[in-house]
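Colleague: I should like to go through this chain with you, beginning with one residue and ending with the interior. Please show me the sequence and the structure before we start.

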Amino acid sequence: MPASYGKKNGVWYASPGNQGWGGKSGAAGTIARKSSIVEADNMPSNTVKPSAGRVIRIINSNDHTVQCRVLLNLRTSQPFEEVVEDLGQVLKMTAAKRMYAVGGQEIRSFSQLRNEFADVDTFYLSAGGVGTGAPGSPLRRSRSRAGLAAIPAGASGEDPGRSTAKQRARSKSRPRILYAPDSEVARGVPGEFSGPKEEPTRITIKGMRRTFYPPVHHAPIDNSPPDKKLLLHWVHGYRGTDSKRNLWVLPTGELLYYVAAVAILYDREEESQRHYTGHTEDIMCMEVHPSRELVGSGQRGGRDRKSQAHVRIWSTESLQTLYVFGMGELDTGVLAVAFSQLNGGSYICAIDAGREAILSVWQWQWGHLLGKVATLQEGISGVAFHPLDDNLLITHGKGHLAFWHRRKDGFFERTDIIKPPSRTHVTSLQFEADGDVVTADSDGFITIYSVDSEGAYFVRMEFEAHTKAIGCLVMLSEGTLISGGEKDRKIAAWDSLQNYKKVTDIKLPENCGGVRTIYPQRPGRNDGNLYVGTTRNCIMEGSLQRRFNQIVFGHSKQLWGLATHPEEDLFVTAGHDKYIALWRRHKLVWVAQSSYECISAAFHPFGSAIAVGSTEGHLIIINVENGATMLTIRVCGSPLNTIEFNQIGDIIAIGSQNGSIYLFRVSRDGFSYKKINKIRGSQPLTHMDWSIDGSYLQTVTVDYDLLFWDVKSLSPEKSPIAMKDVKWFTHNCVIGFCVAGMWNNRFYAAPSTITTCSRSPASDVLISGDAEGYLRLFRYPTITPRAEYQEAKVYSGVLACTRFVVGGKMLITVGGTDASLMVWELLGE
């Protein structure tokens, strides 16, 4: 009688109407046995009822890399001790006697599996002595080994009354069917069995429970914070794309501007930067006190109470915060701030970013609110105190120019100069020496308002200065008005003493963008030398008599691509603005322009070439020496989200938005590429790591699933537990056993979604960045949610990528949407 289950040509089949071993043996008609073990990966879906069995993972205690998933029938009549021995044969253990849970507890009965360990799916088998549940009693031999529900196809059924010897002989063939597939069994160095040491780590990501299995060997768990601290060393770039009036020169000669949540004081002569990092969210506006020794800056509102919108007054000398006000008063963010002029800057006004756009005036030394009013205006661009009246304020913006007179009782009287529904967008505001108001608008016109004998303002003069929007106005002390065009990129000088006669103009290079802010290099000297902040996040220096030169370069669109050199302190960035830049610490080495928006980058292990991935599926190969494009390959039609070379540099793996991984053979110099094959997948990939031996890849999907890939067989590796002891060349994947402590951490103020991480070259610390802009430094490995960390917060949005520089003493971070690029030092405590 053939078996009721068997494997024929690799496909499971079942005899009609049967759910166990053959019902009759000749004329004896013995009662059928229920199967107890079936190889889970090949089990037919209709074989055993869900209530009767469960899938478990069994592991050889003498060699933890020998594992198998089996379907265990909990209703079998076979004794538990025999089932354990049969399971041992699956793992090639000659005399398995004991079963342990991951926590070390011994399993002695089916009822324990059904009840006490119902949620545990991994068990260890040991070849120890007879279980303590029946001390000294011989193992029962049933009339038949009917507990095994799989034997070689074509094997004849045996009479349950046969001898034990014959049963043993037949059992030798059973493990061949019960073994896991080759992909399920990994081989390693066997170790002594000391009982299972760790349970799998389980974390919840976006509502989904994920399990990660511990490797046999890893560094001991240390939940203390690392003995290194993060120190901001340099900030590259300038915020010109969406910010106005954000560049000044201090009495020390330092340039003052801001990027993300950092105020930067840049000394060109010393080639050094100082940073004010008191803000917890992005700086939205800034103004320098009339003394030029203090700064007022306002930030956007965050998610928690500590990150509420507020204004900070701080010293440019000591970088110490002197006053903080507006907590709980300012809604959403701070659109604009301004100091009074006549009384030496005792007053400061702020406009919040809420629906009502409330204008408030404070005596900041005492924290007193002197008055506030709802402007009810959308698109406010700025506010200023009149230089001759500290109780007169002017607001301007989209279809809006209004004067606000603050009375002694704190109420405001409003006078609209431009009223809705005017399409004129007043972009900038300046004052003549006698108090007349000079405005610039989005149509390219400059308008001068004077006041008549009755105190009413009227248009004294209006003229077209630029073809389109004017980004900035600056009135120099000798009466020259400087204007800068956002669209035409021109900087023009006008003589206010000669009815605004045009003196001269100059045009910025096209790659720099339009004018965002202008400030004299030496305020008060009137030598014509200017600093110009541009709409493409660059800072230029020059004058109307000579050309302008770039002194600060920044990416102008989203920045996601980042890679560090394997041997030098170089790093490369690749952005959506189609620029690829190579940096050495705080120096820009070269900038190359691409034909495509770039989102990923990787250095060849020999450091000679850079591979860059584009949003349109192109792989661009760049020469490190000069930034020349050596090769462009069309890989697919989807964005190439992640690129990694293997350790020896002969293969590059490219993870795409379509879920597939593309493999290319690489020449020794890194400049020649030949497609090998691709591994098909379905979920978009975001992060990737190679194994040290180059045999496997691990990737993370947009849904935070951890996937493994066998490079040699070009197939997904479906068993996470079989991959737990693989050593990874890098650890850029944001999920996994050794980085699980970044998730669900008990010390986080709010749930955190990790967007990037990187392991240090010495494998002693781990840096992580999240969707809220937090940068955290952990010890590596970080496994438990009790892991402590060092923290910095200088971004409001997504922290797109972070990488360690060779040597592990510095690291680089890029913010995705705000295109900020920062260099950090790791200092020992």
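**Buried polar residues, a hairpin and two cores**

Modeller: Ser543 counts as buried because its relative accessibility is 4%, buried meaning under 20% relative accessible area, exposed over 50% and partly exposed in between (1.4 Å probe, protein chains only). This is a predicted model, in which local features need pLDDT of at least 70 and side-chain atom pairs count only at pLDDT 80 or more, while totals for chains, interfaces and linings use all residues. Residues are numbered from 1 along each chain as its sequence is written, and side-chain values use heavy atoms, with hydrogens and water left out.

Colleague: Which backbone nitrogen does the side chain of Ser543 reach?

Modeller: Ser543 belongs to strand 38 (residues 539–543); helices (H or I, at least four residues) and strands (E, at least two) are DSSP runs, numbered from the N terminus. Beyond its neighbours within four places in sequence, Ser543 is in contact (heavy atoms within 4.5 Å) with Ile506, Gly528, Asn529 and Phe548. At 3.2 Å, its side chain reaches the backbone nitrogen of Gln545.

Colleague: Which backbone oxygen does the side chain of His386 reach?

Modeller: His386 is found in strand 24 (residues 380–386), and it counts as buried because its relative accessibility is 5%. Its side chain reaches the backbone nitrogen of Leu388 at 3.1 Å. Leaving aside neighbours within four places in sequence, the contacts of His386 include Phe431, Gly435 and Tyr457. The backbone oxygen, reached at 2.9 Å, is that of Gly435.

Colleague: In the hairpin of strand 26 and strand 27, which residue takes a positive phi?

Modeller: Strand 26 (residues 400–406) and strand 27 (residues 412–418) pair in the antiparallel sense over six bridges, where pairing requires that DSSP finds at least two bridges between the strands. Within this pair, His405 stands opposite Glu413 of strand 27. Five residues lie between the strands of the hairpin, and the one with a positive phi, near 95°, is Gly410.

Colleague: Is helix 1 mostly covered or mostly uncovered?

Modeller: Helix 1 spans residues 80–90. Its buried residues include the charged-type names Glu82, Glu85 and Asp86 alongside Phe80, Val83 and Leu87. Just after the helix, Lys92 takes a positive phi of about 60°. With 10 of its 11 residues buried, helix 1 is mostly covered.

Colleague: Between which domains does the largest nonpolar core lie, and why?

Modeller: A nonpolar core is a set of buried Ala, Val, Leu, Ile, Met, Phe, Trp, Tyr and Cys residues joined through side-chain atoms within 4.5 Å. The largest has 47 residues, and Leu230, Tyr257, Leu811, Met822 and Trp824 touch the most other members. Strand 62 (residues 821–828) gives the largest share, five residues. Because both give residues to this core, it lies between domain 2 (220–239 + 735–828) and domain 4 (557–730), whose bounds come from an automatic or database domain assignment.

Colleague: How many residues are in the second, separate core?

Modeller: Among its members are Ile203, Tyr704, Ile735 and Phe737. The number of residues in this second core is 28.

Colleague: What percentage of the residues in the chain is buried?

Modeller: The chain has four helices and 62 strands. Of its contacts with a separation of 6 or more, 50% join residues 24 or more positions apart. Among the 829 residues of the chain, the buried share is 57%.

Methods:
Polar contact = N/O pair within 3.5 Å; in protein donor to acceptor, adjacent residues only side chain to side chain.
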